[in-house]
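Student: I have the sequence and the model open. Could we go through a few parts of it together?

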Amino acid sequence: MVEANNVDIVEQAITFFYSTFKQYANKPRKVLTIAVAPGRVNLIGDHTDYNDGFVCPLALDKTTVVVGIRSPAEIASTTKVASTNFSGQVLEFSADSTEKLDKTKPSWGNYLEGVTAEYLKHLGRTEPLGVHAVIASAVPIGSGLSSSAALEVGFATFLESLFELKSVSAIQKALLCQAAEHEYCNVPCGIMDQFISSCGKKDCALLIDCRTKEQTTIAFEDPDIVIVVSNSNVKHEMNGGEYKKRVMQCKMAVKALQTHGYPHMTHLRDVTVLDLDSMHEVLGNEVVYRRARHVITENERTVAAVERICAREYTEVGKLMFESHKSLRDDYEVSTPELDYLVETARGCVGVYGARMTGGGFGGSIVVLVQQQHAQKLMQVLDTGYPVDKFGSDLPRPESFLTRIGDGAYVMQVGKTMPGQSPAIQATMLGRGAPLLGSLLRRNFSTSRVIRSGKRLNLTLYASPILLRLHPDTVQRQMPSLAQDNEEALKQLNVFLELAAFGCNNDAFNARKHVLALRESRQVISEEPVRFPLVFHVPVDEIEALEHVDGFIRVEYTIEVPGRLVKRTLSNSVLSVSARDPKAALQAPFAREWQRTTKRILQDLFEVAHVPLVVTEEDNVRTSALAEWLAEEATVVDEADLHGIHVGEQNRAKKREHEQFDKIYHAMLTHETNIVHEATTGLEDGPTTQHAVLTSLLHSRLFLPKFRDPHMKKSAFHWIANFLLVNFMELRLHSLVWNKVTLLVTADTDVKEPQVSWDEEAPEEGMGILVPVGMNADTLIDFMYENVEDLEFALETKSFRDQAIAKEKQRFQRKMKKKKGKQRRTGHFYQDEVNAIFRRA
């Protein structure tokens, strides 16, 4: 079995770029543009695309990555590119020419030169598209998984981002890449491979009409069904003569039919089996007849398979897959003995619905539809290799993997220009497959009103006071030992909110996936509740409590999703209708039940955490977003009675606000109390809790300068309170990675731009950002987003690698334990040997 990791591929590409183009060694990573495009596996419908037929492919989670920058101005008309698959070979071609290449000269660079030329022609562009770039790919070459289409589409996406070619749609990009393969690589391919690589959708296959270019999304919503791909390791080449011969044979069949009574037919898409059989003798060529029969029947199988998938009739889907392979083997003659062996081996495995060769054939891979619980065993059986008595001992073993359906092409990072220390900030991460902080961290949860029907319910808005109350910063300054409890509670609450958001918005498919993941079971449907235990600490001066520890009381509360609702969630697998009709989605019975449960849980949590639903400030009554949501159905009380909720807490809150505010902020902000009060009131429903968070920020994550000029001091504190603290607090509430960021504010007039300092080899040690007082707000926010994204990426990468090492260590230990059977040893089992291996690694 093989495991592909796209994070590793990106890192490999970046490292390879700097080792190949050493002149850029002093350039930071953020100047690089990174584009990603997936390979594909075709579930059913092969050799129908160039006959205007139907295909049903899906995008793999194995991708090709393109990393690079524009060519320097003095050589802007020249492209230089290298690939990790052809190390040491740097190809060079003209980036301002549309002349056709020598088709008889096969080269992977032809794909890239062809894409460049097609874009120049399509856009009527006179400026060159010269780049310095490298390619790295997890899509195996010659495996029938469209490594060439991933290369073309990835490079096209890279050019679009680098040169801001915004007028090209995803479908047009696929057509340009297809034209490049026709004209520059001598391969008369159909549109399927480029189309799915460009337009693929996560967790969905696409039914593509290759005539109209229309696409229908087919959701793979059943977690018990998975797709296994097995690479036979028998290589194929699409620019070989056999592929072209079959394209010509299809055209011969159409021409014969046009000549003998069917002039309207332009492709085999227009022909039925009855039409073909009636003209069997006229064709005069049995081979041409069989080629046409495959295309016609494959179109019928593809449409039928999609209908069966939607009806979850997987046994019928499997039959169609086996029939498709038989037709490709016997009528189209593009299979190989190795592929046939793998398909028949899969047929005999438990839990397999169907299997077939996939792609152009003449080698490559098979695709298998199998029950999730039997997938690992299937891959083990397929990877044992070919029988020596039939295939000899020279063939490599097949390599199988469980595929997750990925997205189409996207830009992972847009390269920045960096004059000195001040980057010209742009949106750094685009596309559905890339992590985005910026889009999540804008200020909307604190001042927005309750989201009404017609939009998705935003549970972060309703729970924001609790998120503040649980945030570890509330206790970090006074009692660091208690902060861990609050952090764990915050994580548990966020997991629940994510699950509840799917349920409340009628996204039953994702709600079911989350419940299954939490219960670590994909089979059992029972009424066992799902629980989220919370243990956290709140300041004692905000409530009346006799028992406390150093000013904090311990609160224990378990969020419990009732077993009845859990069973319904596990049994319900309908697709979410929220994208099509949000208003109808919120009124669906399944969503309504989740909403009632979530309201009850949040209301209870507010009570045990001593967070008021309504706060009175002098003559102003401020109602929380949750209270308004509860009032929509009079879940608490009638809306007219909201002002009377927790009257005692209102009075205590008012008193606490003044006392606590004066006590802490007089000393902290040199008596500039009104500044912080005006800047922060309204960000959440309990201002005292918020002030505790700000207090911790000032003490642990924000270092302020000393100001001698009183006027400058007043102006500086206005800027710090009204801008810096407000935004920095919101960032930390949304993502714990910001807990590793320390801001150092300087009044030094020589510091004009923000500066950042951190160790990329040890991201867990955090990041420091030097901030000049009064700098432009948007520039600073973007600067912080950009650099903390780098920190987050480094932390995730390091975490993934640590996990991979731990898993490999566990795998090795299990292997050694199995080898020894029941034999017992004293001390640590092979610990010295295990440690020695990983030290060498």
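Tutor: Happily; here are some questions about a strand and a pair of helices.
This is a predicted model, where local features need pLDDT of at least 70, side-chain atom pairs count only at pLDDT 80 or more, and totals for chains, interfaces and linings use all residues. Residues are numbered from 1 along each chain as its sequence is written, and side-chain values use heavy atoms, with hydrogens and water left out.

Student: Is strand β6 (residues 204-209) largely enclosed or not, and how many of its residues are buried?

Tutor: Strands are DSSP E runs of at least two residues, numbered from the N terminus, and buried means under 20% relative accessible area (1.4 Å probe, protein chains only). C204, L206 and I208 point one way from β6, while A205, L207 and D209 point the other way. The strand is largely enclosed by the rest of the structure because its buried residues number six of six.

Student: Which residue of β7 stands opposite L206?

Tutor: Strands pair if DSSP finds at least two bridges between them. Strand β7 (residues 214-219) is joined to β6 by six bridges in the antiparallel sense. Opposite L206 stands T217.

Student: How are α9 and α10 oriented to each other?

Tutor: Helices are DSSP runs of H or I, at least four residues. Helix α9 (residues 286-310) packs on helix α10 (residues 314-330) at about 165°, with axes 9 Å apart; axes are lines fitted to C-alpha atoms over the stretch in contact, and angles run from 0 to 180 degrees between N-to-C directions. Angles over 145 degrees count as roughly antiparallel, so α9 and α10 are roughly antiparallel.

Key. Buried means under 20% relative accessible area, exposed over 50%, partly exposed in between (1.4 Å probe, protein chains only). Angles under 35 degrees count as roughly parallel, over 145 as roughly antiparallel, 65 to 115 as roughly perpendicular and the rest as oblique.
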